[in-house]
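Let's take a walk through this structure together, one helix pairing at a time. Keep the 3D view open as you read.

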Amino acid sequence: MISNDLSPEAHCPRCGYDLRGEIDRWTEQCPLSGICSECGLDLNWIELLSRDGKPIPGFVEEARGRRRIFTAAWKTWLWTFRPRSFWSRVRLERNPSPGRLGDWLLIVIVSLHLAPPLMLLALILLQSLTRGSSSFGLGEVVAAATWPVEYDPYSGGLSGAGLEGTRWSTGIWVAGLATLLFPLVLFALPWTRLRSKVRDAHVTRAAVYSLAWLVPLLLARILHVAAMVIASSFSGRRMGSWRAVARTANNAADLIHECFDAWYLWAPLACAWLFLWWWRALQTGFRMKDARRVYLAMAVPALLGIAIGISRSQLFGHLLVVMRF
Ligand SMILES: [Zn+2]
């Protein structure tokens with residue numbers, strides 16, 4: 001018999017329901033499995049009660065030590081490529097760690113985001129020290145820092161260009177709205193919350209890692225700025241070989257910019273991944289019995305968001321013109 005003060009602290013990993021009452025009812029024998037009376041989650045008591053579970057190697061939320069956290073942040077990002085294996089590894093029983101989620105955001109998203117403005121700033125400082133003037137101004141640094149909202153250094157303000165005019169920001173609108181709407185619906189709609197009874201921490205975890213699709217874009221931005229920096233550093237040189245380097249860098253910068261512009265190639269990939277990510281989060285991650293219904297409730301607003309994003313694009317405008325004639 002298990003006495004009361006010996007019964008370990010146990011909560012349902014999905015809804016947080018206190019399971020001690022359930023454990024207190026065990027008198028003759030300990031069952032191996034059970035069901036949470038609150039949300040209906042299938043419980044594996046051994047898994048739930050063994051607190052000495054080994055940390056998942058390479059998982060940022062369970063890594064210890066600065067260097068390990070850094071490498072684990074990138075490993076965890078790589079796992080997101082395969083949502084199914086991510087969620088079968090990062091099970092509900094693994095308590096989300098808000099601090100480590102913050103670390104992941106800092107290491108993977110924020111640092112990549114801040115790299116381009118810092119590179120430009122370093123170039124401006126270096127060029128004004130050596131040449132007395134620089135080919136870039138602070139406006140460009142601000143523009144790089146406020147991405148994806150585009151700041152136009154020449155009209156002196158937050159121009160509408162970033163939000164409406166330029167083609168490649170359409171992709172950010174499309175994938176960005178889908179990224180926001182999936183978790184918002186799960187958080188906001190009371191009936192989905194009531195039905196699914198998933199703890200906020202788990203939804204937050206899924207929402208934070210769902211930013212993973214941004215990383216290739218952020219890396220491409222770094223390459224873009226690096227190419228521009230190289231081009232501008234070598235453009236004034238007289239030596240032919242340096243000029244060739246400048247030209248190659250310029251071409252590379254143009255090519256990356258064209259890839260950004262082709263949002264209709266990368267935004268659908270990002271969206272497809274988001275749809276797969278949230279399906280796997282509900283089904284494999286949260287082990288929801290009504291995963292399909294909840295997924296539908298999330299997918300419809302996300303599709304609407306994508307439609308709104310596309311409707312802002314020039315492509316859509318062209319399509320309307322073509323359809324009219
Ligand atoms: Zn539960």
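What follows goes from the whole chain to a few helix pairs and then to some single residues.

Please keep in mind that this is a predicted model. The protein chain holds 14 helices and two strands. Of its 325 residues, 30% count as buried. If you look at contacts with a sequence separation of 6 or more, 62% of them join residues 24 or more positions apart.

A good place to begin is helix α5, residues 98-130. How does α5 lie against helix α3, residues 66-79? Their axes come within 9 Å of each other and cross at roughly 80°. Angles of 65 to 115 degrees count as roughly perpendicular, and α3 and α5 are therefore roughly perpendicular to each other. On the α3 side, the contact is made by Ile69, Phe70, Ala73, Trp74, Thr76 and Trp77, while α5 brings Asp103, Trp104, Ile107 and Val108. Sorted by class, this contact has eight nonpolar residues, one polar and one charged.

Now follow α5 to another partner, helix α9, residues 200-209. Here the axes come within 11 Å and cross at roughly 10°, which makes α5 roughly parallel to α9. Leu101, Trp104 and Leu105 of α5 meet Thr204, Arg205 and Val208 of α9. The classes in this contact are four nonpolar, one polar and one charged. Trp104 deserves a second look in your viewer: this α5 residue takes part in the contact with α3 and also in the contact with α9.

Stay on α5 a moment longer and find Ala115, which lies in this helix. Is Ala115 buried or partly exposed? Ala115 counts as partly exposed, because 17 C-beta neighbours lie inside 10 Å, and a residue needs 20 or more to be buried. Its C-alpha atom is separated by 9.0 Å from that of Arg221, although the two residues are 106 residues apart along the chain.

Arg221 takes us to helix α10, where it is one of the buried residues. Helix α10 covers residues 214-234, 21 residues in total, and reaches 31 Å from its first C-alpha to its last. That span is close to the 30 Å expected at 1.5 Å a residue. Besides Arg221, the buried residues of α10 include Leu214, Leu217, His224, Val225 and Met228. Which helices do the buried residues of α10 pack against? They pack against α5, α6 (138-145) and α11 (240-261).

In helix α11 you can find Cys259. Cys259 is partly exposed, with 15 other C-beta atoms within 10 Å. The C-alpha atoms of Cys259 and Ala220 are separated by 9.2 Å, with their positions 39 residues apart along the chain.

Further along come helix α12, residues 263-285, and helix α13, residues 291-311. These two pack at an angle of about 160°, with their axes 10 Å apart, so α12 is roughly antiparallel to α13. The crossing of α12 past α13 is right-handed. From α12, Cys271, Phe275, Trp278, Trp279, Leu282 and Gln283 meet Ala291, Val294, Tyr295, Met298, Ala299 and Ile306 of α13. By class, this contact has 11 nonpolar residues, one polar and no charged ones. Several residues of α12 are buried, among them Cys271, Trp278 and Leu282, and these three also belong to the contact with α13.

The loop between α12 and α13 holds Arg287. What is notable about its phi? Phi of Arg287 is near 50°, a positive value in a residue other than glycine. Most residues other than glycine have a negative phi. Arg287 is partly exposed, with 18 other C-beta atoms within 10 Å.

To finish, turn back to Gly16, in the segment before α1 (20-24). With 17 C-beta neighbours inside 10 Å, Gly16 counts as partly exposed. Leaving aside residues up to four places away in sequence, Gly16 touches His11 and Arg199. The C-alpha atoms of Gly16 and Lys197 are separated by 8.8 Å, while the two residues are 181 residues apart along the chain.

Technical notes:
Residues are numbered from 1 along each chain as its sequence is written. This is a predicted model: local features need pLDDT of at least 70, side-chain atom pairs count only at pLDDT 80 or more; totals for chains, interfaces and linings use all residues. Axes are lines fitted to C-alpha atoms, for helices over the stretch in contact, and angles run from 0 to 180 degrees between N-to-C directions. Helices (H or I, at least four residues) and strands (E, at least two) are DSSP runs, numbered from the N terminus. Angles under 35 degrees count as roughly parallel, over 145 as roughly antiparallel, 65 to 115 as roughly perpendicular and the rest as oblique. Two residues are in contact if their C-beta atoms, placed from the backbone, lie within 7 Å. Ala, Val, Leu, Ile, Met, Phe, Trp, Tyr, Cys and Pro count as nonpolar, Asp, Glu, Lys and Arg as charged, and the others, Gly among them, as polar. A residue is buried if 20 or more other C-beta atoms lie within 10 Å of its own, exposed if 12 or fewer, and partly exposed in between; C-beta atoms are placed from the backbone. A crossing is left-handed if the near helix is turned anticlockwise from the far one by less than a right angle, and right-handed if clockwise. The expected span of a helix is 1.5 Å times one less than its number of residues.
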